[in-house]
Amino acid sequence: MSAPSYLIKPTTADEINEAFSQAKKSGLVVTARGAGRSYNDAALAGCGIVLDMREMNAITAWDPSTGLITGQPGTTLEQVWQKVIPDGWWPPVVSGTMTTTLGGCLAANIHGKNNFKMGPIGEHVVEFTAVLPTGAEVTCSPKKNGDLFHAMISGLGMLGIFTSITMQMKRVYSGLLSVDAFPVKNLHEHLTSLLDGAPDHNYIVGWLDGTASGKSLGRGQIHATRYLKEGEDPNPQETIKVSNQILPPLIFGVFPKSLLHYFMLPFMNNLGVWGINTAKYIASLRKHTFRQPHAAFHFLLDYVPNWEFSYGRSGLIQYQSFLPKETAEDAWREMLQLSHKTGLPTYLGVTKRHRPDKFLLTHALDGFSLAMDFKVTDESRARLGTMLQEFDKIVLQAGGRFYFAKNSETTAETARKFFGDETIAKFKKLKKRCDPNGLLESDLYRRIFE
């Protein structure tokens, strides 16, 4: 996706206010952009002003005695974890890539592989400050301006621009995690393992083979993970060093990962991915337990730089749905079967366990999520669009929800059906209060709310 825009790189709150003033005078809209890691138009403002927040990236306070850290909105998760882990702390919620910014993480209210236990990142924000389009600077916490706190976090950057974020980190006693890896034969076993395994672990995530069909539909592998307790790691002073967490740039110590996507490209077709997934599943048939650094476990999307290029010139679409635990199996079976019938199986499926939260534009519920990557080609584009619209109907009928850092096809009608009129009315009332002139507007906002 792309859109022509004016670009401003603010370094202070005053410069953000200046951008708002200029937009108002010129009849333009404004949207904030972090690392640009969303899979859709969340950080695009066609014919408007984009605020590139990456220059505001300082960690302004860190207290290793309490685990409280304060950073500017352009601070990345990479900066955060590298700052805190030497002192025995870890971010309580992280995305699948460490390059995301704190401002972007809050705007999308990201979730991790531990959502069932720790909730989204917003639940670990102690306080934030923000600049509103009116020029006002506000400080919000769960108890101070609580309505704005729970709406700006998850609010897609449409109520104000974060300027400072204070978060509580999680105490850890090792730089390693204990990972149980085991296969699941089909979708029923897959979801049952997520449900039953979550209470006994700190993280749980599943890989789903989207090319498998018949009795093997939904097969894959589960990684159920826990923190090491104090004393379990014989040498924690060594394992928590940043140097022992950083992902290696080479495969087998010789081949640059930055070139790997070129070699993946010929296999990114239905037959090639089927072969790779089948081999991966067979290799996973032996249940085993191993220890893995935090960064290696969490940031799988950073293992292969520019991995998205392996999908070819037209790239990919990621579709993520959230479904109640009572309806997920039937709905996803129908969706996976439809993808096979259409000839467009997902090349990568990732499952997680979730619980509800109190944020206004929440995507979470008591159930599961399934993220599916689909290759886009000129030949498949129309069929893919039709199939995803059918997916939306299946998800809505099953009481599901969607996540606006991922899906790019969601319509305003679909958003209204799963958010509900009351939630949308509350958000628009806050929008009118914080942004009476309608200065904050992204292409995503236009698509789902206007």
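In this predicted model, V350 stands opposite A371 in strand β19. That strand, residues 367–375, pairs with β18 in the antiparallel sense over 7 bridges. Both strands belong to an open sheet of 8 strands with antiparallel pairing. The points below describe this sheet, a second group of strands, selected residues and the chain as a whole.

**The open sheet**

- The order of the strands in the open sheet is β16-β11-β13-β12-β18-β19-β17-β20.
- Its edge strands are β16 (288–293) and β20 (401–402), each of which pairs on one side only.
- Strand β18, residues 348–354, pairs with β12 as well, in the antiparallel sense and over 4 bridges.
- In the pairing of β12 with β18, V205 stands opposite K352.
- Strand β12 also pairs with β13 (residues 220–227), again in the antiparallel sense, over 6 bridges.
- Within the pairing of β12 with β13, G206 stands opposite I222.

**Strand β12 and its cover**

- Strand β12 spans residues 203–208, and 6 of its 6 residues are buried.
- In a regular strand, side chains alternate between the two faces of the sheet.
- On one side of β12 are Y203, V205 and W207, and on the other are I204, G206 and L208.
- The residues on both of these sides are buried, so both faces of β12 are covered, given that buried means under 20% relative accessible area.

**Strands β7, β8 and β9**

- Strand β7 (residues 125–131) and strand β9 (residues 161–168) run antiparallel and are joined by 6 bridges.
- Across this pairing, E127 of the chain stands opposite T166 in β9.
- Strand β7 pairs with strand β8 (residues 137–140) too, in the antiparallel sense over 4 bridges.
- Here A130 stands opposite V138 in β8.
- Strands β7 and β8 form a hairpin with 5 residues between the strands, and in this hairpin G135 takes a positive phi near 100 degrees.

**T163 and its surroundings**

- T163 lies in strand β9.
- The relative accessible area of T163 is 12%, which means that this residue is buried, since the cut-off is under 20%.
- Leaving aside neighbours within four places in sequence, T163 is in contact with T129, A130 and V131, and also with A13, I16, M56, Q72 and P73.
- W89 is 74 residues from T163 along the chain, and the C-alpha atoms of these two residues are separated by 24 Å.

**Two asparagines with positive phi**

- N109 has a phi near 50 degrees, a positive value in a residue other than glycine.
- This asparagine, N109, is located in the loop between α3 (102–108) and α4 (115–118).
- With a relative accessible area of 1%, N109 falls under the 20% cut-off and is therefore buried.
- N306, which is not a glycine either, has a positive phi of about 55 degrees.
- The loop that holds N306 lies between α10 (294–298) and β17 (316–324).
- N306 is partly exposed because its relative accessible area, 37%, lies between the cut-offs of 20% for buried and 50% for exposed residues.

**The chain as a whole**

- The protein chain has 15 helices and 20 strands.
- Its radius of gyration is 22 Å, close to the 22 Å that the globule rule gives for 450 residues, so the chain is as compact as a globular protein of that length.
- Taken along the principal axes, the box filled by the C-alpha atoms is roughly 60 × 55 × 40 Å.
- Of the 450 residues in the protein chain, 56% are buried.
- Among contacts in the protein chain with a separation of 6 or more, 73% are between residues 24 or more positions apart.
- The accessible surface of the protein chain comes to about 19000 Å², and carbon and sulfur atoms account for 55% of this surface.
- The protein chain carries 48 positive and 43 negative side chains, and the centres of these two sets lie 2 Å apart.

Technical notes
Residues numbered from 1 in each chain as written. Predicted model: local features only at pLDDT ≥ 70, side-chain atom pairs only at ≥ 80, totals over all residues. Heavy atoms only, no water. Buried < 20%, exposed > 50% of the residue type's maximum accessible area, 1.4 Å probe, protein only. Pairing = 2+ DSSP bridges. Rg over C-alpha atoms; globule rule 2.2 N^0.38 Å. Contact = heavy atoms within 4.5 Å. Areas by Shrake-Rupley, 256 points an atom, 1.4 Å probe, with all protein chains shown as cover. Lys, Arg positive; Asp, Glu negative; His and termini not counted. Charge placed at Lys NZ, Arg CZ, Asp CG, Glu CD.
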